[in-house]
Amino acid sequence: MEEFVLQNDPARMNWVEGYIEWGTARCAAPLRVETEQVREGDILRERYTFINETNREVFTKLTDIAIYATFNDDYTTARECMHHKCHTHIWCGGAVSYVMALRMGGEAPHLGLVLTEGALGGYSVERDLSRISNDRGDFLLHPAPFVLAPGERYTLAWTLFPHAGRASFLNTAKQYCTHFIDVRAEKYLLFTGEETTVTVDANFAFEHAALTLNGAPLPCTRSGSTLTAKIRADAPGEMRCAVVLDGVETFCELKALPPLPELAEKRCRFIAEKQQACRPSSGLDGAFLIYDNEEECQFYDPRYDYNAGRERVGMGLALAAYLQKWPDSTLEKALHRYADFVRRELVNPDTGEVYNDYHRDNSYKRLYNAPWYARLYIEFFNLWQKKEYLETACKILRFYYAEGGSRFYPIQMPVAELIPLLRSNGLTIQADALMAEFLHHADYLAANGTDYPALEVNYEQSIVAPAADILLQAYKLTGVQSYFVSARKQLDVLELFNGIQPSYHLREVAIRHWDGYWFGKRKLYGDTFPHYWSALTGLALRDWGRMTGDVASQQRGEDSLRAVLSLLDADGRAHCAYVYPITVNGASARGADPYANDQDWGLYFALKTL
């Protein structure tokens, strides 16, 4: 199938555009494959039957069989993406598996896929690497491993159907799958000592039910076709809650970490002990560098995302936020050394210029860097109460705007925090000047709406998130209703990036699919579930919820903020990204990248908000 257009779609979007034709089945096992496809209006039913015609049993591995499901998920221009591209949210949950595809602009009709026979065990991607970060690739759905005796058959079947959107997708999917089990948890990332309730809803009557947690029986209560179970996080680690109802198997994935103060203390101590350069004769002295968890050593490279500046500032931010809550002389000494490095090598406190790497190297101009280091100086002020830090933060942002920043989409612009601090510390003139530039910036973003410019990626979650954030800040500072209305429009587009699947890897985690390549040791493209910038959506949802009293938005925001903490280990190690697909262009992928690089932004957000 090369085209699938929904009948009542005014945009005439093709939902199945890919490099390989939709429905192509690859089978490495000695099996014959039969395919069947029946379309009735906007409903498409497909069956793939695998037949053992040998005289021996055939045992399959997860990647032996792949069926191409080429949802049209890539980034061209924002304008085209709004109407003709989709976010593809995949859940390979055994017998209960589905795909929620959402048009990037949010306009219905959307497209869904629900499994009706067989089981899915995972998915892989194949990408056009010449398109670097802009192509998410073709999706390959893998049946869960099975065994066939001679003459036996195994069938995988699913139904494609239109749906109205994220809020109603699961209810629509249940109409096409007679054995649907909706598994959900109150929290997917828990701190030890916390409890969560797992709820299991089936759309069919069942006699026998079994829940297990990491293989051990899990007590539950039943009311009709609904089961509930309490899970307590007693120790750090992954927790797989498996569900079997009359032979229908699925699961949800939870993870436990130490309580936030303990987790933060271990991580900050690891940074100070393992990731700070101690090289008195080098300009790198005091820098926080990448740490290779495999080779147990620091790493630096002048290539952009491995250098001593840029996103690595997240480590300094995490330490500064931690020390404001829990003073520690050893960690504070490390932060002072880092502050000396930043002033000497990365920031000119007289002009406000922020450099891309040490040696005050700005051979590559990058507007993203400025708000991050302004935020660092705000946290220095919060910790050490020296007005000069506020002056430096203001100079950085004024320099940013002088360089054309009012037409850019910066991540983590800290103006709503800085303006009140400037005013309360007698820096009113500076505050007024910065406020005027910032509101000019907000006005530009509001007028631009969803016609986003291409930045380091043609279109992505961390272009939309800054627009929502800056407009919410403008409303907070001014109370002007038009900023509030414009922010809501941005949030409507932003939340479409987030998944609903019952896993700490996916629930309220935004689709990103290039960070493992640019920041990781493995240099693998592919879905990064999670990556810490996913929490930008969580911050926006949390702020919206607090402003409006919307409890659901606040909870979704917290889920997002918690999810990115799974990039941290209980012992203080960390990972820049988790590459989620089973394989990427044939290379084994699923797992956390060995580099501790820039993920501590997620810890910083947690320390500021949770």
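In what order do the strands of the open sheet of 3 strands stand? The order is S23-S22-S28, and the strands pair in the antiparallel sense. This sheet and the other close-up views below come from a predicted model.

**Figure 1. The open sheet of strands S23, S22 and S28, with helix H3 lying across the strands.**
Strand S23 (297-299) and strand S28 (595-596) form the edges of the sheet. Each of these edge strands has a single partner strand, so one side of each is left without a neighbour in the sheet. Strand S22, residues 290-292, is joined to S23 by 3 bridges in the antiparallel sense. Within this pairing, Ile 290 is found opposite Phe 299 of S23. Helix H3, which comprises residues 260-275, lies across S22, S23 and S28 and runs at about 90 degrees to S22.

**Figure 2. Asp 301 in the loop between S23 and helix H4.**
The loop that holds Asp 301 leads to helix H4, residues 313-325. Asp 301 has a relative accessibility of 19% and therefore counts as buried, the cut-off being under 20%. Apart from neighbours within four places in sequence, Asp 301 is in contact with Tyr 306 and Asn 307.

**Figure 3. The open sheet of 4 strands, ordered S13-S15-S19-S18.**
Pairing in this sheet is antiparallel. Strand S13 (181-185) and strand S18 (221-223) are the edge strands, and each pairs on one side only. From one strand to the next, the twist averages 20 degrees. Strand S15, residues 195-202, runs antiparallel to S13, and 5 bridges join the two. Ile 181 is placed opposite Ala 202 of S15.

**Figure 4. Strand S6 and its hairpin with strand S7.**
Strand S6 covers residues 86-91, and 6 of its 6 residues are buried, so S6 is largely enclosed by the rest of the structure. Both faces of the strand are covered. On one side, Cys 86, Thr 88 and Ile 90 are buried; on the other, His 87, His 89 and Trp 91 are buried. Strand S7, residues 98-103, pairs with S6 over 6 bridges in the antiparallel sense. The bridge partner of Cys 86 in S7 is Arg 103. Between the two strands of the hairpin are 6 residues, and Gly 94 takes a positive phi near 75 degrees.

**Figure 5. The packing of helix H10 against helix H11.**
Helix H10 (residues 461-478) and helix H11 (residues 481-494) have axes 8 Å apart and pack at an angle of about 160 degrees. That angle makes H10 roughly antiparallel to H11, because angles over 145 degrees count as roughly antiparallel. The two helices cross in a left-handed manner. The residues of H10 in this contact include Val 464, Ala 468, Leu 471, Leu 472 and Tyr 475, while those of H11 include Tyr 483, Phe 484, Ala 487, Leu 491 and Leu 494. By class, the contact has 14 nonpolar, 5 polar and no charged residues.

**Figure 6. Arg 542 in helix H13.**
Helix H13 spans residues 535-548 and includes Arg 542. Is this arginine, Arg 542, buried or exposed? With a relative accessibility of 14%, Arg 542 counts as buried. When residues up to four places away in sequence are not counted, Arg 542 touches Ser 553, Gln 554, Gly 557 and Thr 609.

Note on methods
Residues are numbered from 1 along each chain as its sequence is written. This is a predicted model: local features need pLDDT of at least 70, side-chain atom pairs count only at pLDDT 80 or more; totals for chains, interfaces and linings use all residues. Side-chain values use heavy atoms; hydrogens and water are left out. Two strands pair if DSSP finds at least two bridges between them. Contact means heavy atoms within 4.5 Å. Axes are lines fitted to C-alpha atoms, for helices over the stretch in contact, and angles run from 0 to 180 degrees between N-to-C directions. Buried means under 20% relative accessible area, exposed over 50%, partly exposed in between (1.4 Å probe, protein chains only). Angles under 35 degrees count as roughly parallel, over 145 as roughly antiparallel, 65 to 115 as roughly perpendicular and the rest as oblique. A crossing is left-handed if the near helix is turned anticlockwise from the far one by less than a right angle, and right-handed if clockwise. Ala, Val, Leu, Ile, Met, Phe, Trp, Tyr, Cys and Pro count as nonpolar, Asp, Glu, Lys and Arg as charged, and the others, Gly among them, as polar.
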